[in-house]
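Let's take a walk through this fold, one piece at a time. Have the structure open and turn it as you read.

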Amino acid sequence: MLYAIDNIRIDGATYSVEWLESPDIPKACVAAVSYEKQKICIYKSHPEHDLQSLLHEIVHVINYNRLGEKLEESEINTIGCSLAQIILDNVEEIITMAGTGLTEIESDDDHEDLEL
Ligand SMILES: [Zn+2]
């Protein structure tokens with residue numbers, strides 16, 4: 001369940017995720033991220049919309065960390081919505097992709113030879 005997510009790793013940092021019940025906010029502001037506190041707050045509405053909000057805030061973090069905040073809000077919104085739809089339309093494939101990464105880490109003996 002989406003609302004069971006209380007932490008999420010983004011670019012090597014753990015962001016806390018807080019799901020809020022209050023409707024007493026302007027509709028334009030349903031979510032926010034604090035880079036300094038590594039915290040994402042989302043006012044709950046509908047799970048699919050809230051997934052979009054979570055991904056939107058994740059894209060904000062990527063934009064902040066890696067892109068010098070070059071992306072405009074509308075671009076962040078488009079990417080967040082697109083990612084949400086891709087995830088919702090491809091749940092089994094997403095799980096398979098995640099499992100593939102785990103399998104490679106567990107079974108790839110070549111990594112033992114790497115000098116770090
Ligand atoms: Zn935004």
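At what angle do the axes of helix α1 and helix α2 cross, and within what distance do they come? This is a predicted model, and in it the axes of α1 (residues 47-66) and α2 (residues 73-89) cross at roughly 130 degrees and come within 8 Å. An angle between 115 and 145 degrees falls outside the perpendicular and antiparallel ranges, and α1 and α2 are therefore oblique to each other. As for handedness, the crossing of α1 past α2 is right-handed.

Who does the touching? On the α1 side, the contact is made by E48, L51, Q52, L55, H56, V59, H60 and N63. From α2 come I76, N77, I79, G80, C81, L83, A84 and L88. Sort the residues of this contact by character and you get 9 nonpolar, 6 polar and 1 charged.

Let's stop at one of them, N77, which sits in helix α2. Is N77 buried or exposed? Neither label quite fits: N77 counts as partly exposed because it has 14 C-beta neighbours inside 10 Å. Its C-alpha atom is 8.7 Å from that of S53, a residue 24 positions away along the chain.

Now swing over to the sheet. It is an open one with 4 strands in the order β1-β2-β4-β3, and its pairing is mixed. β1 (7-10) and β3 are the edge strands, each pairing on one side only. On average, neighbouring strands are turned by 25 degrees against each other, if you ignore direction.

You can see the mixed pairing by following β4 (residues 39-43). Strand β2 (residues 13-20) runs parallel to β4, and 5 bridges join the two; in one such pairing, W19 has I42 of β4 as its bridge partner. Strand β3 (residues 31-34), on the other hand, pairs with β4 in the antiparallel sense over 4 bridges. Here V33 has I40 as its bridge partner, and S34 stands opposite K39.

β3 and β4 also form a hairpin, with 4 residues between them. Look in the turn for Q38, which has a positive phi of about 50 degrees.

Which residues lie on the covered face of each hairpin strand? In β4 they are I40 and I42, while K39, C41 and Y43 make up the uncovered face. In β3, A31 and V33 are on the covered face, and A32 and S34 are on the uncovered one. So the V33 and I40 bridge pair brings together a residue from the covered face of β3 and one from the covered face of β4.

Finally, bring the helices and the sheet together. α1 lies across β1, β2, β3 and β4, running at about 30 degrees to β3.

Conventions:
Residues are numbered from 1 along each chain as its sequence is written. This is a predicted model: local features need pLDDT of at least 70, side-chain atom pairs count only at pLDDT 80 or more; totals for chains, interfaces and linings use all residues. A residue is buried if 20 or more other C-beta atoms lie within 10 Å of its own, exposed if 12 or fewer, and partly exposed in between; C-beta atoms are placed from the backbone. Two strands pair if DSSP finds at least two bridges between them. Axes are lines fitted to C-alpha atoms, for helices over the stretch in contact, and angles run from 0 to 180 degrees between N-to-C directions. Angles under 35 degrees count as roughly parallel, over 145 as roughly antiparallel, 65 to 115 as roughly perpendicular and the rest as oblique. A crossing is left-handed if the near helix is turned anticlockwise from the far one by less than a right angle, and right-handed if clockwise. Two residues are in contact if their C-beta atoms, placed from the backbone, lie within 7 Å. Ala, Val, Leu, Ile, Met, Phe, Trp, Tyr, Cys and Pro count as nonpolar, Asp, Glu, Lys and Arg as charged, and the others, Gly among them, as polar.
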